[in-house]
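Here are some exercises to work through at your own pace. Try each task before you read its solution.

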Amino acid sequence: MTRRFLLDVMLGTLATYLRMCGYDTLYAQEEGLEADDAIRRRAASTDRTLLTRDRELAARTDDAILLTARDVDEQLTELHAHEIEIELSTHPERCSVCNGRVERIDPAQRPDHAPDSVSQIWQCEACDHHFWKGSHWERVRETIATIPVS
Ligand SMILES: [Zn+2]
């Protein structure tokens with residue numbers, strides 16, 4: 001899983017999903033990138049595949065995948081068609097908020113807002129956000145399960 005991505009604006013939900021699949025994923029909106037040229041330069045300088053719904057931008061970028069769908073499940077299906085493996089990580093690896101690395105923490109250091117039923121908790125090394133496999137994780141798993149694999 002070595003492929004890395006830069007996602008154009010309006011693809012924030014897809015960014016979350018790709019991070020949950022373990023992909024190193026930058027999101028233009030979070031990076032403060034708006035102009036097409038700035039986005040193209042960042043993709044090239046960081047060796048990332050650009051994912052965009054902008055046909056012109058995709059055509060002008062060497063390593064880009066044009067997405068046509070609006071819904072994340074269909075976007076994931078399009079990526080799968082480009083031989084990009086879409087599979088939820090066994091455990092959280094990337095922060096879905098900021099793309100940082102996450103580490104499992106000692107249950108004794110659990111945050112107050114973690115449900116009692118949760119025994120495994122991860123924390124982002126960059127932004128300190130906590131993660132566990134809760135209802136959001138399950139929803140993402142169910143969405144990914146709907147992707148036709150052939
Ligand atoms: Zn983070």
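**Exercise 1. Reading along the chain**

Which pattern does the protein follow, read along the sequence?

*Solution.* Keep in mind that you are looking at a predicted model. Start by counting elements: the protein has 6 helices and 7 strands. Next, walk along the sequence and write down each element as you meet it, which gives β-α-β-α-α-β-α-β-α-β-β-β-α.

**Exercise 2. Overall dimensions**

Find out how the radius of gyration of the protein relates to that of a compact globule.

*Solution.* First, take the chain length: for 150 residues, a compact globule would have a radius of gyration near 15 Å. Then take the value for the protein, 16 Å, which agrees with that expectation. As a further step, look at the box filled by the C-alpha atoms, which is roughly 50 × 35 × 25 Å along the principal axes. Now turn to the interior. A residue counts as buried if 20 or more other C-beta atoms lie within 10 Å of its own, and 26% of the 150 residues meet this. Lastly, consider contacts with a separation of 6 or more: residues 24 or more positions apart account for 46% of them.

**Exercise 3. The sheet of 4 strands**

Work out the strand order of the open sheet of 4 strands, and find what packs on this sheet.

*Solution.* Step one is the order, β2-β1-β3-β4, with parallel pairing. Step two is to find the edges: β2 (25-27) and β4 (64-66) each pair on one side only. From one strand to the next, the twist averages 20°. Step three zooms in on a pair: β3 (residues 49-52) and β4 run parallel and are joined by 3 bridges. Within this pair, L51 stands opposite I65 in β4. Step four adds a helix: α1 (residues 12-20) packs on the sheet and touches β1 (5-7), β2 and β3. The direction of α1 makes about 160° with that of β2.

**Exercise 4. The sheet of 3 strands**

Explain why one side of β5 and one side of β7 are left without a neighbour in the sheet.

*Solution.* Begin with the order of this open sheet, β5-β6-β7, where the pairing is antiparallel. β5 (102-104) and β7 (130-131) stand at the edges with a single partner strand each, so one side of each has no neighbour in the sheet. To finish, examine one pairing: β6 (residues 122-124) and β7 pair in the antiparallel sense over 2 bridges. Here W122 has F131 in β7 as its bridge partner.

Note on methods:
Residues are numbered from 1 along each chain as its sequence is written. This is a predicted model: local features need pLDDT of at least 70, side-chain atom pairs count only at pLDDT 80 or more; totals for chains, interfaces and linings use all residues. The radius of gyration is taken over C-alpha atoms; the globule rule is 2.2 Å times the number of residues to the power 0.38. A residue is buried if 20 or more other C-beta atoms lie within 10 Å of its own, exposed if 12 or fewer, and partly exposed in between; C-beta atoms are placed from the backbone. Two residues are in contact if their C-beta atoms, placed from the backbone, lie within 7 Å. Two strands pair if DSSP finds at least two bridges between them. Axes are lines fitted to C-alpha atoms, for helices over the stretch in contact, and angles run from 0 to 180 degrees between N-to-C directions.
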